[in-house]
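Please open the model in your viewer and keep the sequence panel beside it, since this tour moves from one selection to the next.

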Amino acid sequence: MNMNKIIIHGGRPLTGKVTVSGAKNSIVALMPASILADEPVVLEGVPDISDVHALINILQIMGAKIHFAKGVLTIDPRGVKSIPMPSGKINSLRASYYFMGALLGKFGKAVVGLPGGCNLGPRPIDLHIKGFKALGADVSDDNEDVMRLRAKATGLVASRIFMDMVSVGATINIMLAAVKAKGITVIENAAREPEIIDVATLLNNMGAKVYGVGTNEIRIEGVSELHGTRHSIIPDRIEAGTYLAIAAAVGKGVTVNNVLYEHLESYISKLEEMGVQMTIREDSITVHPNHDLKMVNVKTYPHPGFATDLQQPITSLLLKACGRGELIDTIYERRIGHIPELKRMGANIKIEDNHIVMTSPNELVGTEVVASDLRAGASLIVAGLMAKGVTTIHNVEFILRGYDRIVEKLTNLGADIALVDTNNIDKVKIKERG
Ligand code: EPZ
């Protein structure tokens, strides 16, 4: 385990501009999707996060030629072979399951280690498997460690697939498998997240015929060829929402650039309900200094509802608000890894039959805390910026998976924050200020 940690000297007002990077939950699907092409694919606006580097490593093992510089990622899939992908290589990254759909769609077969990912409670892939089987693939998970998928000799055949639950990953994975299947595949009760639209845009620019993304019924007319293309990825709405929470919590006028209002309508509406004052423009939002925030109740839902990934960052912001509030995560009811850590910082917060309950007043004080997953880590950064004194966050590799240059971006806004490699702690000192 790497020894990095983030140290924050809290209580400082942040001002200025921050630019959101490309969407993590897009790029982790776009990279596997790129191998479906018979020519190079160029992705622009790619965030420099550890998930991208992990997927580059896997693609190179598979035989792809990669070039990544200044946010531009070129993937040449012409050397890609359908080789077994041992779980050891991929189980740190749940999104590696997209190689199941991509390899099945390209070669008619795939051997992929079962996914790992954040500890948000059980994260099954039964809906992915239901879709692959509906397309005619044989699927077996011998020894529970590796998934083996194989289409019939005649190839995958289109099907009508009803998703028992709205699932982002299953919707995308089935789309990847179906783009070259014979006939018209229909995915009913499909997820509607913006990242799904982004993947479909790439596929259609490669020559696929995917219709209806963004609605709950997606139709995919199989094609035989997919060519190369150039694609600019959408901004990361979860990163944007995290900076909006930080701006509302400790900002004295912060503008978040490269954010699309239509990706965050339910979240922005909740911030407005709390009394956060914002100016909303076409691709930026300015959060004005605000004083008395009102406590609100939050319930997460599939898009366009309130995003589960923003439940943890807004929990910390709500600790500034007056009153009593409840958060219910209907997607992952065990997404509560941040709660014990916020309690250690002095938050008046508890779990009551899977509801997160907060009551003001909350005076946060910095201490040593541990990030249990990506967005729990984000909520601890928000809390650390709010708290009096020094907060030290451990296990920050979770945070670096999904937030491009977060320490640099917050430093530019005036935060006193440092990423410290405890193996070389003397190299980085927190500027001691009065
Ligand atoms: C994606 O995960 C995101 N990850 C998650 O973001 C996000 O929280 C989640 O969607 C929900 O929006 C990526 O896009 C890489 P799901 P995914 O399939 O696809 C259940 C982050 O912080 N389910 O939409 O794995 C599942 O257990 C990460 O960036 C099944 O039961 O989520 C969950 O309760 C965390 N069977 C619900 O559906 C299945 O086969 C939604 O999961 C698949 C899912």
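A polar contact here is a pair of N or O atoms within 3.5 Å. With that cut-off in mind, and remembering that this is a predicted model, begin at the ligand.

Select the ligand together with its surroundings, which amount to 25 residues, the closest being Asp126, Leu127, Ser167, Gly169 and Asp309. Zoom in on Asp126, where a polar side-chain atom lies 2.7 Å from a nitrogen atom of the ligand. Then turn to Leu127, which offers a polar backbone atom that is 2.7 Å from an oxygen atom of the ligand. Add Ile331 to the selection as well, for a polar backbone atom of Ile331 is 2.8 Å from an oxygen atom of the ligand.

Next, select residues 24-34, which are helix 1, and residues 50-62, which are helix 2; their axes come within 10 Å and cross at roughly 5°. Because of that angle, helix 1 counts as roughly parallel to helix 2. To see where the two helices meet, show the side chains of Lys24, Ile27, Val28 and Met31 on helix 1, and those of Asp51, Val52, Leu55, Ile56 and Leu59 on helix 2. Which classes of residue make up this contact of helix 1 with helix 2? Colouring by class, you should find 7 nonpolar and 2 charged residues, with no polar ones.

From helix 2, follow the chain onward to Gly63, which sits in the loop between helix 2 and strand 4 (65-69). If you display the contacts of Gly63 beyond residues up to four places away in sequence, Gly79 and Val80 appear. For a sense of distance, draw a line from the C-alpha of Gly63 to that of Phe132, a residue 69 places away in sequence, and the line spans 24 Å.

Now move to the sheet, an open one in which 4 strands lie in the order 21-22-1-23 with mixed pairing. Strand 21 (368-370) and strand 23 (416-421) are the edge strands, each pairing on one side only, and the twist from one strand to the next averages 20°. Select strand 21 along with strand 22 (residues 390-394), and you will see two strands that run parallel and are joined by 3 bridges; within this pair, Val369 stands opposite Ile393 of strand 22.

Finally, add helix 12 (residues 374-386), which packs on the sheet and touches strand 1 (4-9), strand 21 and strand 22. Looking along strand 1, you can compare the two directions, since that of helix 12 makes about 30° with that of strand 1.

Terms used:
Residues are numbered from 1 along each chain as its sequence is written. This is a predicted model: local features need pLDDT of at least 70, side-chain atom pairs count only at pLDDT 80 or more; totals for chains, interfaces and linings use all residues. Side-chain values use heavy atoms; hydrogens and water are left out. Axes are lines fitted to C-alpha atoms, for helices over the stretch in contact, and angles run from 0 to 180 degrees between N-to-C directions. Angles under 35 degrees count as roughly parallel, over 145 as roughly antiparallel, 65 to 115 as roughly perpendicular and the rest as oblique. Contact means heavy atoms within 4.5 Å. Ala, Val, Leu, Ile, Met, Phe, Trp, Tyr, Cys and Pro count as nonpolar, Asp, Glu, Lys and Arg as charged, and the others, Gly among them, as polar. Two strands pair if DSSP finds at least two bridges between them. A residue is near a molecule or strand if one of its heavy atoms lies within 4 Å of it. A polar contact is a pair of N or O atoms within 3.5 Å; within protein, one must be able to donate a hydrogen and the other to accept it, and residues adjacent in sequence count only if both atoms are side-chain atoms.
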